[in-house]
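Here are a few exercises to work through with the model open in your viewer. Try each task before you read the solution under it.

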Amino acid sequence: MAEKNKTIKSVSVKNKRASFDFLLLDKYTAGIVLTGTEIKSIRAGKASLVDTFCFIHNGEVWVKNMYVAEYSYGSYNNHVARRDRKLLLNRKEIRKLQQEMKNPGFTLVPTLLFINKEGRAKVEIYLCRGKKEYDKRQTLKEKEDRREMDRQVKRY
């Protein structure tokens, strides 16, 4: 059989605010259950992870408030832009996350939505703890220092 040479466009939608607001601890890569028009919109890059979070309900992990724009060529089959979408993780990973989420201050935050080599949509989620105001100031200071050091290196 002849192999099909597919050129899959690299799509990655980032949640830039997550690393600023949260201390990222454990990383998990999960599949996501989508409908036909949703995957087409994601491949077109029309998705957003702003203000999204994950929760566990009945032993399943769900992502809430993820925006996937309606597909422009979709008809009556089009999807709802902000619906809860199920994430696919192993039972062992879900149990571990449930135990960690029982501790106060911990949450699950999606940071990256991407298409893997096989053409499937995946979500990177992190187990996070919220940062305090002084932690956020420290992060801004470090970012500013790195930027200043890069400017110094480019001058010489």
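**Exercise 1. Find the helix that holds Lys16, decide whether this residue is buried or exposed, and name the charged patch it belongs to.**

Start with the location: Lys16 sits in helix α1, which covers residues 16-21. This is a predicted model, so keep that in mind for everything below. Next, check the accessibility. The cut-off for exposed is over 50%, and Lys16 has a relative accessibility of 69%, so it counts as exposed. Now look around it on the surface: Lys16 gathers with Lys14, Lys143, Arg146 and Arg147 in a patch of positive charge. Finally, ask who contributes what. Helix α4 (residues 133-155) gives the most to this patch, with three residues.

**Exercise 2. Work out which parts of the chain the salt bridge between Asp21 and Lys136 ties together, and whether the two residues are buried or exposed.**

First the geometry: the side chains of Asp21 and Lys136 meet with an N to O distance of 3.4 Å. Then place the partners. Asp21 belongs to helix α1 and Lys136 to helix α4, so the bridge ties together parts 115 residues apart in sequence. For burial, the cut-off is under 20%. Asp21 has a relative accessible area of 17%, so it is buried, and Lys136, with 17%, is buried as well. One last step is to widen the view: Arg17, Asp21 and Lys136 are linked in a network of salt bridges.

**Exercise 3. Take the salt bridges Arg83–Glu38 and Asp145–Lys141, and say where the partners of each lie.**

Begin with Arg83 and Glu38, whose side chains meet at 2.8 Å, N to O. Arg83 is in the loop between β6 (67-68) and β7 (85-88), while Glu38 is in helix α2 (residues 36-43), so this pair ties together parts 45 residues apart in sequence. Accessibility splits the partners: Arg83 is partly exposed at 27%, but Glu38 is buried at 0%.

Now turn to Asp145 and Lys141, where the closest N and O atoms are 3.6 Å apart. Both of these residues lie in helix α4, four residues apart, or about one turn of the helix. Asp145 is partly exposed at 33%, and Lys141 is partly exposed at 47%. For the wider tally, the structure holds nine salt bridges.

**Exercise 4. Asp51 and Asn58 have positive phi values. Where does each one lie, and is it buried or exposed?**

Recall the background first: most residues other than glycine have a negative phi. Asp51 has a phi near 60 degrees. This residue lies in the loop between β3 (47-48) and β4 (53-57), and its relative accessible area of 59% makes it exposed. Asn58 has a phi near 55 degrees. Its place is the loop between β4 and β5 (60-64), and at 70% relative accessibility Asn58 also counts as exposed.

**Exercise 5. Step back and describe the whole chain: its elements, its box and its burial.**

Count the elements and you get four helices and nine strands. Read from the N terminus, they run β-α-β-α-β-β-β-β-β-α-β-β-α. The C-alpha atoms fill a box of roughly 55 × 45 × 35 Å along the principal axes. Of the 156 residues, 33% count as buried. To finish, try the contacts with a separation of 6 or more: residues 24 or more positions apart account for 66% of them.

How values were computed
Residues are numbered from 1 along each chain as its sequence is written. This is a predicted model: local features need pLDDT of at least 70, side-chain atom pairs count only at pLDDT 80 or more; totals for chains, interfaces and linings use all residues. Side-chain values use heavy atoms; hydrogens and water are left out. Buried means under 20% relative accessible area, exposed over 50%, partly exposed in between (1.4 Å probe, protein chains only). Contact means heavy atoms within 4.5 Å. Patches are made of residues with over 30% relative accessible area and no salt bridge: like charges are joined within 9 Å, nonpolar side chains (Val, Leu, Ile, Met, Phe, Trp, Tyr) within 5 Å. Accessible areas come from the Shrake-Rupley method with a 1.4 Å probe; for residues, only the protein chains shown count as cover. A salt bridge is a side-chain nitrogen of Lys or Arg within 4 Å of a carboxyl oxygen of Asp or Glu. Lys and Arg count as positive and Asp and Glu as negative; His and the chain ends are not counted. The place of a charge is taken as NZ of Lys, CZ of Arg, CG of Asp or CD of Glu.
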